[in-house]
Amino acid sequence: LWGLAYMKHEKRVHRDVKPSNLLINSKGEVKVTDFGVSAELQSSIAMCGTFVGTFKYMSPERIRNRPYSYASDIWSFGLVISECATGIYPFQEHTNCIEMAQTILDTDLQPLSSAFSGAFVDFVSQCLRRDPEQRLPAEVLLGAPWLQQHGATSYDAAVRSTRRWIDSLGPGAAAAAAQQQQDYSYKDHK
């Protein structure tokens, strides 16, 4: 989320936020990767008009081929965070693009289970509002109660919190994060 807020500050829309483009290194830093389809907006209110990126994480406005902006990345982020929490992609998956698009456009998301805190459920629902004008921007979401409750009050605090989470998973998790960082180093993605 800090990365999306930074991108908005830099007037960039990622357009391909998905789990495989979010990496966690052994320090606890979450890195946004694969800027191959990102776009620079000339002004903070400019809208993109192209249809690129991974289809199942696209926002409704992008699927409808309507103008979109930063809120489109927030929708994708909401799907990713929901999937990370539950282990399941939030919509029924289909084998063809047309059925997948219809599902995203026409199906209401199932509410997250009561196993999740109200603050987390609210956070995700703020990201997954169908109307892009109703989605909170990254800089507002950074002040969400759920993030505050977990100590993510600044970038450094969020990194420390993520590092504690990695450490709680055991020694294998930190080694896996270090390997992931090495596998996706800058030299491989020039």
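**Figure 1. Aromatic pairs in the predicted model.** This predicted model holds 7 aromatic pairs. One of them joins Tyr89 and Phe91. Their ring centres lie 6.1 Å apart, and their planes meet at 55°, so the pair is tilted. A tilted pair has planes that are neither under 30 degrees apart nor over 60. Tyr89 is buried. Phe91 is buried too.

**Figure 2. The pair Phe123 and Trp146.** Phe123 and Trp146 also form a tilted aromatic pair. The distance from centre to centre is 5.1 Å, with 40° between the planes. Helix α5 carries Phe123, and helix α7 carries Trp146, so the pair ties together parts that are 23 residues apart in sequence. Both residues, Phe123 and Trp146, are buried.

**Figure 3. An aromatic cluster.** Five residues make up one aromatic cluster: Phe77, Phe116, Phe120, Phe123 and Trp146. Two of its members, Phe123 and Trp146, are the tilted pair of the previous view. Another member, Phe77, appears again in the pocket view, among the residues closest to the centre of the largest pocket.

**Figure 4. Charges over rings.** Two tyrosine rings each have a charged residue over the face. Lys56 lies over the face of Tyr89, 4.5 Å from the ring centre. Tyr89 is the buried residue that also pairs with Phe91. Arg62 takes its place over the face of Tyr68, at 4.8 Å from the ring centre.

**Figure 5. The largest pocket.** The volume of the largest pocket is about 1400 Å³. Its lining counts 38 residues, and those closest to the pocket centre are Ile24, Val30, Phe77, Ile81 and Thr162. Several elements each supply at least two lining residues: α1 (2–9), β2 (22–24), β3 (30–32), α3 (70–86), α5 (118–127), α7 (145–149) and α8 (155–168). Helix α8 gives the most, with 6 residues. By class, the lining has 28 nonpolar residues, 6 polar and 4 charged.

**Figure 6. Val124 in helix α5.** Val124 sits in helix α5. Its relative accessible area is 5%, so Val124 counts as buried; the cut-off for that class is under 20%. Trp75 is 49 residues away along the chain. In space, the C-alpha atoms of Val124 and Trp75 are separated by 9.2 Å. Helix α5 is also the home of Phe123, and α5 supplies at least two residues to the lining of the largest pocket.

**Figure 7. Ser154 between two helices.** The loop between α7 and α8 holds Ser154. Relative accessibility is 29% here, so Ser154 counts as partly exposed. The side chain of Ser154 reaches the backbone nitrogen of Ala157 at 3.1 Å. Leu142 is 12 residues from Ser154 in sequence, and the two are 8.4 Å apart in space, C-alpha to C-alpha.

**Figure 8. The whole chain, for orientation.** The protein has 9 helices and 4 strands. Counted from the N terminus, the order of elements is α-β-β-β-β-α-α-α-α-α-α-α-α. The protein has 190 residues, and 41% of them count as buried. Val124 is a buried residue, and so are Phe123 and Trp146.

Technical notes. Residues are numbered from 1 along each chain as its sequence is written. This is a predicted model: local features need pLDDT of at least 70, side-chain atom pairs count only at pLDDT 80 or more; totals for chains, interfaces and linings use all residues. Side-chain values use heavy atoms; hydrogens and water are left out. On a 1 Å grid over the protein atoms alone, a cavity is a set of points where a 1.4 Å probe fits but cannot get out, and a pocket is an open set with protein on both sides within 12 Å along at least five of seven lines; lining residues have an atom within 4 Å of a point. Grid points are joined across faces, edges and corners, and a volume is the space filled by probe spheres set on the points. Ala, Val, Leu, Ile, Met, Phe, Trp, Tyr, Cys and Pro count as nonpolar, Asp, Glu, Lys and Arg as charged, and the others, Gly among them, as polar. Rings of Phe, Tyr and Trp (its six-membered ring) pair if their centres lie within 6.5 Å; planes under 30 degrees apart count as stacked, over 60 as edge-to-face and the rest as tilted. Buried means under 20% relative accessible area, exposed over 50%, partly exposed in between (1.4 Å probe, protein chains only). A charge sits over a ring if NZ of Lys or CZ of Arg is within 6 Å of the ring centre and within 35 degrees of the ring normal. A polar contact is a pair of N or O atoms within 3.5 Å; within protein, one must be able to donate a hydrogen and the other to accept it, and residues adjacent in sequence count only if both atoms are side-chain atoms.
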